[in-house]
Amino acid sequence: LPLIVLPIKFLLVVLKHSNTTEQNITKMSNDKSFDALDADSDAWTKGDSAKIYNLLEDSYTFSGLPNMAPVDKTSFKMFWVTFRSKIEDVGGPPAVSSNFMVLKNSILRELGDYVVESGNWEVRNFGRGVYMTAAKNGKILWKEITMNPWEEEKETSNSDENKGKDCIRSLHTFVKK
């Protein structure tokens, strides 16, 4: 009987150590992803496309702008120039401004070896909405947004007929009252 108990105790210790090691490896990997998401949020707030670009995984996509196909990493730099220029044209922050976007109400969650961030974004005189960003191994995999144009947001938020309704149209299929 003692010969059987000894190997079982040994096996339990090995299994316990193995799980702890695996959790520590995931935690270390996720720490890089938390850092990447922090840096990404800071770069979007400042409108720093070079910092954003350096954080992107090769398979990165940005999506959610109305009437626009998703943007991949290879197209991101040209997209950014046009994006900032259009925002400036409608009265938003100048393309050279380092005070570009406001991010609020951020939530960060670990999902295995991924980290996901979501929250609200706003660019003065352009639009606002919800964003969601995923990271793995210290790289940004994707960013997806919903958008309400600035003028539409002002009209809908002050309208009596819209009180109590969701203001983000693209989420209506997912939000239940």
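**A walk through the aromatic side chains**

The chain exposes about 11,500 Å², and carbon and sulfur atoms supply 58% of that area. Keep in mind as you look around that this is a predicted model. The chain has 177 residues, of which 32% count as buried.

Let us begin with the overall layout. You will find 4 helices and 7 strands in the chain. Starting at the N terminus, the elements follow the order α-α-β-β-α-β-β-β-β-β-α. Among the contacts in the chain with a separation of 6 or more, 45% are between residues 24 or more positions apart.

Now turn to the aromatic rings. Searching the whole structure gives 12 aromatic pairs. One of them joins Trp44 and Trp80: the ring centres are 5.0 Å apart and the planes meet at 80°, so this pair is edge-to-face. An angle over 60 degrees is what earns that label. Trp44 belongs to helix α1 (residues 2–46) and Trp80 to helix α3 (residues 73–89), so the pair ties together parts that are 36 residues apart in sequence.

Are these two tryptophans buried or exposed? Trp44 has a relative accessible area of 2%, so this residue is buried. Trp80, with a relative accessible area of 5%, is buried as well. The cut-off behind both statements is 20%: a residue under that value counts as buried.

Stay with helix α3 for another pair. Phe76 and Phe79 both sit in this helix, 3 residues apart, which is about one turn of the helix. Their aromatic pair is tilted, with 5.8 Å from centre to centre and 50° between the planes. Phe76 has 0% relative accessibility and therefore counts as buried. Phe79 has a relative accessible area of 8%, so Phe79 is buried too.

How do these residues fit into a wider picture? Trp44, Trp80, Phe76 and Phe79 are among the members of one aromatic cluster, which also includes Tyr60, Phe62, Phe83, Phe100 and Phe126. If you highlight these residues in the structure, you can trace the cluster for yourself.

Finally, look for charged side chains placed over aromatic rings. Which residue lies over the face of Tyr53? That is Lys73, at 5.0 Å from the ring centre. Arg128 offers another example, lying over the face of Trp150 at 4.1 Å from the ring centre.

Technical notes
Residues are numbered from 1 along each chain as its sequence is written. This is a predicted model: local features need pLDDT of at least 70, side-chain atom pairs count only at pLDDT 80 or more; totals for chains, interfaces and linings use all residues. Side-chain values use heavy atoms; hydrogens and water are left out. Rings of Phe, Tyr and Trp (its six-membered ring) pair if their centres lie within 6.5 Å; planes under 30 degrees apart count as stacked, over 60 as edge-to-face and the rest as tilted. Helices (H or I, at least four residues) and strands (E, at least two) are DSSP runs, numbered from the N terminus. Buried means under 20% relative accessible area, exposed over 50%, partly exposed in between (1.4 Å probe, protein chains only). A charge sits over a ring if NZ of Lys or CZ of Arg is within 6 Å of the ring centre and within 35 degrees of the ring normal. Contact means heavy atoms within 4.5 Å. Accessible areas come from the Shrake-Rupley method with a 1.4 Å probe; for residues, only the protein chains shown count as cover.
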